[in-house]
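Let us take a walk through this structure together, one piece at a time. Keep the viewer open so that you can turn to each part as it comes up.

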Amino acid sequence: MSKEENRTPKKADILQGTLDLMVLKTLDALGPLHGYGIARRIEQISKSVLQLNEGTVYTALLRLEQQGWIKSEWGASENNRRARFYSISSSGRKQLAQETLEWERMAGVIGRLLQVRR
Amino acid sequence: MSPLRAIAAKLRHFFGGSRAERDFEEETRTHIALLAERLIRRGMTPEAARNEARRQFGNTTSLRETRHDMQTFAWIERLWQDLRHGARLLRMNPVFSAVAIASLALGIGANTAIFQLLDAVRLRSLPVKNPQELAQVQIVGGNTGMGMNNQYGDLTRPMWEELRQRQKAFSGIFAWGVGGDAVGSGSQLEPVVGFYVTGNLFQVLGVEAWRGRLTTPEDEHACPGTTAVVSYKYWQTRMGGRKIDSSTKLLIDGQLMQITGVTPPSFLGLVVGDRFDIVLPFCEPKELARNIFDVTVMGRLRPGTSLTVASAELAALSPGIMAATEITGYNADTVARYRRFRLAAYPAGAGVSSLREEYNSSLWLLLGITGLVLLIACANLANLILARASAREREFGVRLALGASRGRLLGQLFAESSLLAVAGAAAGIGISQLVSRALVWSLSTESNAILLPMTIDWRVLAFAAAITALTCLVFGAIPALRAAGLQPLHALRAGGRGMTASRDHFSLQRSLVVTQIAVSLVLLVGALLFVRSFHNLMTFNPGMREEGVTAAFIGFQQSNIPREGYLQFEQQLTDEVRAVPGVLSAATTTNPPLVGGSWTLGIHLGSAQGPSKFTWVGPEYFRTMGIPLLRGRDLRPSDTADSAHVAVVNETFVRQYTSGINPIGMAMQTVTEPDYPSTAYTIVGVIPDTKYACLRCGTPPMAFAPAYQYPDHRPWTAILIHSNLPPDVIAGRVKRRLAEKHPEMATQLSSFQALIRDGLIRDRLMATLSGFFGLLAALLAMAGLYGVVSYMAERRRNEIGIRIALGAGRGQVVGMVMREAAWMVAAGVIAGTLLALLAGQAAETLLFNLKPYDVPTLAAAGGLLAAVAVLASFMPARRASRLDPVQALRCD
């Protein structure tokens, strides 16, 4: 039930694994960031096409941390609030490389599939 | 994603505590604040910005829940929730819970207790190193009663000596025997159980000394031996656990022996259920008897040698061994039979036991009976839970409608039944400990104490766990499946207010009750069969006096009587007993009847030949035992060793050897055996048939000869005493008189009837236990019937109310409700009778003078059950007929 409440029709659905991949890539590209920063970056890159409940970023962060692909430590944010900064670990980089490869292969397959004319 | 890493992270979280939760709160606050600041910068009012920021962030509660599930083992929590909910419900229905747990505890307890006995007697291995490597050497098919036999004797000493020299299959081979010995002297003489061993026994078994040293090959030398070892129990109870040193000595069988050590507490010998007190090394007599089968041979198989390989080797060795140890003093036929003996190896890891043969089928049967009782108890519980579940249909309907998954409801119901099952099992294991000890105690007799360690091993625990899981499935699954098929809309609408209950709604309950009645009928029939069989045994007339007879067993090894004087001394003792006030008559016998002993000689009479039992008795024997003389004369005091040899025979003897012709004056010739030279006995009298070795045994041809003509000489005897005084009074007087005159003599007195009843212990056990379980089963089945009939009547309140309002009489309502019950009872009784006929075969060999398809028994059990069933259904039927129609129609 709870999952359905999160869903708002106008926002594009994103796959769970996709969000994880985006978060991982963001941390790889920009270095240590807090959750708010990650949300802004995704918003900026996707040019607001992908609007998400920003809280779900934290679910992705927790999942990545449980797998040991990211680390976190406390620091100060822009307005001097306490914030947790996440950074990618070396095993996270390996995971990112592998997932990127797989994503590209998958995207290629789907792309070719969709281009086939009847 | 790796699930293992997630589990590790969950565990870290579990031990890390709630810090993560507070951290997340702070992160959320920061995030929302930053979002809001950005929106304010874009011109929103602070309040609108905060609201928009929260919206953009999403549902924090559901986020927290998701995180919670990710960070913890959610299913454990749900299980815990279900269990707590179940426990709450059970606490709210204390009567239901108590009944459920108590009936399960009884069922599981009884099953576990019987299994524990089976385990101890049959399955458990000896407490020695690698017991599975042990094998026993036996003659294939046994020695067919040749020579003299000890209870656990398989081979003769000469056979063992040859076998020890020749065999290759065993890495270590040893022999042992058991025997009665005595410690001390005079009136202090105390009978002990001796365990005779070869010097290597403990070393091959891998048993270490508890104190001192155990028997070694160096202890084996010429008879009499000089060293002995005591059991832990004997050392503790008789020797006060005192230090074992060179001054520790015991007078055993008149020999002062050095005690060298104590066996460990776990080692109770190789006979399961028996104890031993003293370990004595084999000693070498001047000559080894070739006709006494009194040793058991066991060994440890060489690594990689199977029983088949060992048996093949033994079979190849057998002709040589038999030729070298040929039995002497027997006729050619017996010797030829001896020559054909073949040896083979049998598994021995669980030791040997007479209990095993004696109680095997009884115990399996009892396990079956208790299993069925448990099944009936389960059916009752299933019915109870079904009835409760029907009452809760609305609750389940609401929960389903609100979106609870069916799996969750099932889990809930299973949590409840598992709670009941586990509580029942815990109580049951407790009960089983008491019951199994009580069982062992009830199997022990004065003369034969059974020593079985009743420990809970993994097998017992696994068994209890298995039957618990099974019961949980049986009584939990049926209601759970019913609940799973529930239609929420239907359940909410009907809400327990059906006009008439649909037939199919009750079909499950009905079939449960029919099963219960059928099974309980089977158990009731079994119970009646065993009770009647026991009654037959108790009231059976063995053809001789049982009441008012006391048996005195006397050993006079210490009395310094020369061997030639034994028979004279025995008659002198009989005269002394006869002089005791209250004694009506007394007579010696070489073999008291009905207590298991037996002595057979081959005879020739004219052209006929065959075996006959032989007993040498004092002159008043037949008078003492109340056996009338049919023809000829009684044995007289004047029949002495020097007069003509005479005998009294029984009717079977006459039928078998003289074709019913009057045998008086005929002469029979006995066949030679060691110590029993071929002798001609003239038949002087005939007695009616009586039982011989035991009540269940048949009546063989028998001959009774005068005590003075007994060819063997042994320093012990039995005197049977007839008196009208109570057995303990006369026993006390006789014992005192004999002790005054012969303080050195060992005397033991028992009531003859008690001795016979000791032989009926298995029958008594089966009668009491099956009777108890049969009644319990019938009671449970009736409780089930009562419950279901009441429940069905309750569910039909509206219908019955309308019927009464429309003018139906009380009788009609009662009839209607009871007709329902009658169908169930009839179906149950018919099915039960068929099952009982099938199951009866298993009990056939345990019954005495009774066939398993005994019509009166079947009729009685069916009638009894039907009568109680009428009562059980009449009460709810009457209650239904007293219904106030206005009340019934108004209330919901």
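A good place to start is a pair of helices in chain B: α7, residues 157–166, and α10, residues 307–324, whose axes come within 9 Å and cross at roughly 140°. Please keep in mind that this is a predicted model. At that angle, α7(B) and α10(B) are oblique to each other, because the label of roughly antiparallel is kept for angles over 145 degrees. The crossing itself, as α7(B) passes α10(B), is right-handed. If you would like to see who meets whom, look on α7(B) for M159(B), E162(B), L163(B) and R166(B), and on α10(B) for L317(B), G320(B), I321(B) and A324(B). Sorted by class, the residues of this contact of α7(B) with α10(B) are five nonpolar, one polar and two charged.

Now move to another pair in chain B. Helix α6 covers residues 94–123 and helix α14 covers residues 406–443; their axes come within 6 Å and cross at roughly 45°. How are α6(B) and α14(B) oriented to each other? They are oblique, since 45° is not under the 35 degrees that would count as roughly parallel. The crossing of α6(B) and α14(B) is right-handed. The contact of α6(B) with α14(B) is made up of 18 nonpolar and seven polar residues, with no charged ones.

The third pair in chain B brings together α25, residues 810–843, and α26, residues 855–881. Their axes lie 9 Å apart and the helices pack at an angle of about 155°. That angle is over 145 degrees, so α25(B) is roughly antiparallel to α26(B). Here, too, the crossing is described as right-handed. On the α25(B) side the contact includes V813(B), V814(B), V817(B), M818(B) and A821(B), while L858(B), G862(B), L865(B), A866(B) and A869(B) are among the residues that α26(B) contributes. Counted by class, the contact of α25(B) with α26(B) holds 16 nonpolar, four polar and two charged residues.

Between these two helices there is a loop, and D854(B) lies in it. Is D854(B) buried or exposed? The answer falls in between: D854(B) has 17 C-beta neighbours inside 10 Å and therefore counts as partly exposed. Its C-alpha atom is 9.3 Å from that of L837(B), a residue 17 positions away along the chain.

For a second loop, turn to P743(B), which sits between α21 (727–741) and β23 (746–751) of chain B. P743(B) counts as exposed, because it has 12 C-beta neighbours inside 10 Å. Although P743(B) and Q558(B) are 185 residues apart along the chain, their C-alpha atoms are separated by 9.7 Å.

One more helix of chain B deserves a stop: α13, residues 393–401. Which of its residues are buried? They are F396(B), G397(B) and L400(B). These residues cover an arc of only 105° around the axis, which means that they lie on the same side of α13(B).

With those details in hand, step back to the whole of chain B. The chain has 27 helices and 23 strands. Of its 892 residues, 40% count as buried. Among contacts in chain B with a separation of 6 or more, 84% are between residues 24 or more positions apart.

Chain A has 118 residues, of which 29% are buried. This chain has five helices and two strands, and along the sequence they follow the pattern α-α-α-α-β-β-α. For contacts in chain A between residues at least 6 apart in sequence, 53% join residues at least 24 apart.

Finally, see where the two chains meet. Here 23 residues of chain A are in contact with 26 residues of chain B. On the chain A side, the elements that give two or more residues are α1 (2–6), α3 (35–45), α4 (56–66) and β2 (82–88). The largest share of that side, six residues, comes from α4(A). By class, the residues of chain A that touch chain B are five nonpolar, 12 polar and six charged.

Terms used: Residues numbered from 1 in each chain as written. Chains lettered and ligands numbered in written order. Predicted model: local features only at pLDDT ≥ 70, side-chain atom pairs only at ≥ 80, totals over all residues. Contact = placed C-beta atoms within 7 Å. Helix = DSSP H or I, 4+ residues; strand = E, 2+ residues; numbered from the N terminus. Nonpolar A, V, L, I, M, F, W, Y, C, P; charged D, E, K, R; others polar. Buried ≥ 20, exposed ≤ 12 C-beta atoms within 10 Å, placed from the backbone. Arc of directions from axis to C-beta. Axes fitted to C-alpha atoms, helices over the stretch in contact; angles between N-to-C directions. Parallel < 35°, antiparallel > 145°, perpendicular 65-115°, else oblique. Left-handed = near helix turned anticlockwise from the far one by under 90°.
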